[in-house]
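Please report on how one helix of this protein sits against its surroundings. Keep the account brief and tied to individual residues.

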Amino acid sequence: MWKKSELRAAPAPLEGPVVGTITGGTVIWFVLFLAQLPFYGWYADHDRTWLVWTCLAGGGLGLLGIWYVRKRDAAIKRAAAAATDAS
């Protein structure tokens, strides 16, 4: 059990090139999907087709992630601009 004296405040979140990171990861998922397609028969013979579809799902979710982080980044920039204009 944690003692109250051992609890510390959470550090500030790290900001970085989030859009680029998510885009790069999404591209990797789609490349992995395309690289596995020629071997689909082998995967089917060994009951491992889920590996192929996992890569496609990762790419699809990555597209949602790109949309989300671009909206988030734009909102952060709008808020910073509004705070600069207000002061």
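Is Thr 26 buried or exposed? Thr 26 counts as buried, because its relative accessibility is 4% and the cut-off for buried is under 20%. The model is a predicted one.

**Thr 26 and its surroundings**

Thr 26 belongs to helix α1, which covers residues 18-36. Its side chain reaches back to the backbone oxygen of Ile 22, at 2.8 Å. Beyond four places in sequence, Thr 26 touches Gly 59, Gly 62, Leu 63 and Ile 66. Helix α3 takes in residues 49-86.

**How α1 and α3 pack**

Two packed helices are described by the angle between their axes and by the distance between those axes. Here the axes of α1 and α3 come within 8 Å. They cross at roughly 160°. Angles over 145 degrees count as roughly antiparallel, and α1 and α3 are therefore roughly antiparallel to each other. The crossing of the two helices is left-handed. Sorted by class, the contact of α1 with α3 has 15 nonpolar, nine polar and two charged residues.

**Two more residues of α1**

Val 19 lies in helix α1, and so does Gln 36. The two are 17 residues apart along the chain. Their C-alpha atoms are separated by 26 Å.

What is the accessibility class of Val 19? Val 19 is partly exposed, because its relative accessible area is 26%, and partly exposed lies between the 20% and 50% limits. Gln 36, at 15% relative accessibility, counts as buried.

Which residues does each one touch, leaving aside neighbours within four places in sequence? For Val 19 the contacts are Val 69, Arg 70 and Asp 73. For Gln 36 they are Tyr 43, Leu 51, Val 52 and Cys 55.

**A loop residue**

Asp 47 is found in the loop between α2 (40-45) and α3. Its phi is positive, about 55°, although Asp 47 is not a glycine. Asp 47 is exposed, because its relative accessible area is 61% and exposed means over 50%.

**Accessibility at a glance**

| Residue | Relative accessible area | Class |
|---|---|---|
| Thr 26 | 4% | buried |
| Gln 36 | 15% | buried |
| Val 19 | 26% | partly exposed |
| Asp 47 | 61% | exposed |

Definitions and conventions:
Residues are numbered from 1 along each chain as its sequence is written. This is a predicted model: local features need pLDDT of at least 70, side-chain atom pairs count only at pLDDT 80 or more; totals for chains, interfaces and linings use all residues. Side-chain values use heavy atoms; hydrogens and water are left out. Helices (H or I, at least four residues) and strands (E, at least two) are DSSP runs, numbered from the N terminus. Buried means under 20% relative accessible area, exposed over 50%, partly exposed in between (1.4 Å probe, protein chains only). A polar contact is a pair of N or O atoms within 3.5 Å; within protein, one must be able to donate a hydrogen and the other to accept it, and residues adjacent in sequence count only if both atoms are side-chain atoms. Contact means heavy atoms within 4.5 Å. Axes are lines fitted to C-alpha atoms, for helices over the stretch in contact, and angles run from 0 to 180 degrees between N-to-C directions. Angles under 35 degrees count as roughly parallel, over 145 as roughly antiparallel, 65 to 115 as roughly perpendicular and the rest as oblique. A crossing is left-handed if the near helix is turned anticlockwise from the far one by less than a right angle, and right-handed if clockwise. Ala, Val, Leu, Ile, Met, Phe, Trp, Tyr, Cys and Pro count as nonpolar, Asp, Glu, Lys and Arg as charged, and the others, Gly among them, as polar.
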